[in-house]
Amino acid sequence: MKKKGIETHVVVSESAKTVMKYESDNFEESMKRIESSSDKIYAENDIAASIASGSFKVDGMIVAPCSMKTLSAIANGYSDNLVSRAADVQLKQQRKLVLVPRESPLNAIHLENMLKLSRIGVWIIPPMLCYYTKPKSVEDMTDNVVGRVLDAFEVEHNLYKRWEK
Ligand SMILES: Cc1cc2nc3c(=O)[nH]c(=O)nc-3n(C[C@H](O)[C@H](O)[C@H](O)COP(=O)(O)O)c2cc1C
C-alpha cells in the first residue's frame with residue numbers, strides 16, 4: 001500500500017499482539033515492519049482516533065485477520081474498541097469493508113455472523129489455501145490471500161498468477 005502511495009491507518013489489537021508473539025519469529029521486528037509501513041498506528045482503545053468518525057474520509061477498511069470475537073462485534077454493532085468502531089463506521093457510511101475471518105472449524109454462530117455481514121455487502125475473504133497457483137512456500141500462499149484482499153479494493157498487484165485457460 002505504501003509503495004503505491006495509498007495512505008493506511010492501522011490498529012493492532014492487544015490480542016493480535018499476543019497472537020503475533022506466538023506466531024511470528026520476531027515480534028518486535030514484525031511490529032516495527034507494521035509501524036514503518038503505516039501512515040498512522042493507533043491503540044485499540046483509542047476510540048477518539050480519526051478513523052472512529054464517519055466524517056474522516058477513507059475508502060474502506062480491511063480487518064485481517066478477523067477473529068470470531070471481532071466478527072461478532074461487527075455483525076452485532078457492538079463497537080467496544082477501535083477495530084469494531086471503525087468497522088461500524090464503514091457500514092454506516094456505506095463504504096467498503098473486507099473481513100479476513102480466521103477460524104476452523106466454523107460453528108453456526110460464526111457462519112451466521114458472516115452471512116449477516118455478507119448480505120449487507122461486506123466482503124468475506126477467508127485465508128484459504130489455493131493450489132492452482134502452485135504455491136512453493138507459506139509466503140506464496142499468504143501473497144495469494146493478500147492479493148485477493150487487494151482485488152476487493154481494485155489495487156493493482158502481481159501477488160498471484162490469475163487463472164487463465
Ligand atoms: C495463538 C493464538 C491463536 C488464535 N487464533 C485465533 C483464530 O484463528 N481465530 C479466532 O477467532 N481467535 C483466535 N484466537 C483467540 C483470539 O485472539 C481472541 O478471541 C481475542 O479475544 C480476539 O480479540 P481481537 O479480535 O480484539 O483481536 C487465538 C489466540 C491465540 C493465543
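Helices are taken here as DSSP runs of H or I spanning at least four residues, numbered from the N terminus. The structure described is a predicted model.

In this model, the ligand is enclosed by a shell made up of Ser13, Ser15, Ala16, Val19, Glu23, Ser67, Met68, Lys69, Thr70, Arg102 and Glu103. Helix α1 contributes the largest share of this shell, with four residues. Two helices, α1 (14–23) and α3 (68–75), each provide at least two residues of the shell. Grouped by class, the surrounding residues comprise three nonpolar, four polar and four charged ones.

Polar contacts to oxygen atoms of the ligand involve both side-chain and backbone atoms. A polar side-chain atom of Thr70 is placed 2.4 Å from a ligand oxygen atom, and a polar side-chain atom of Ser15 lies at 3.4 Å from an oxygen atom of the ligand. For Met68, a backbone N or O atom is found 2.8 Å from an oxygen atom of the ligand. The ligand taken alone exposes 640 Å², of which the protein buries 66%.

A further residue examined was Asn113, located in helix α5, which covers residues 108–119. The relative accessible area of Asn113 is 8%, and this residue is therefore classed as buried, the cut-off being under 20%. Apart from neighbours within four places in sequence, Asn113 makes contact with Leu71, Ser72, Ala75 and Asn76. Of these contact partners, Leu71, Ser72 and Ala75 fall within the range of α3 (68–75), a helix that also supplies at least two residues of the ligand shell.

Conventions. Residues are numbered from 1 along each chain as its sequence is written. This is a predicted model: local features need pLDDT of at least 70, side-chain atom pairs count only at pLDDT 80 or more; totals for chains, interfaces and linings use all residues. Side-chain values use heavy atoms; hydrogens and water are left out. Buried means under 20% relative accessible area, exposed over 50%, partly exposed in between (1.4 Å probe, protein chains only). Contact means heavy atoms within 4.5 Å. A residue is near a molecule or strand if one of its heavy atoms lies within 4 Å of it. A polar contact is a pair of N or O atoms within 3.5 Å; within protein, one must be able to donate a hydrogen and the other to accept it, and residues adjacent in sequence count only if both atoms are side-chain atoms. Accessible areas come from the Shrake-Rupley method with a 1.4 Å probe; for residues, only the protein chains shown count as cover. Ala, Val, Leu, Ile, Met, Phe, Trp, Tyr, Cys and Pro count as nonpolar, Asp, Glu, Lys and Arg as charged, and the others, Gly among them, as polar.
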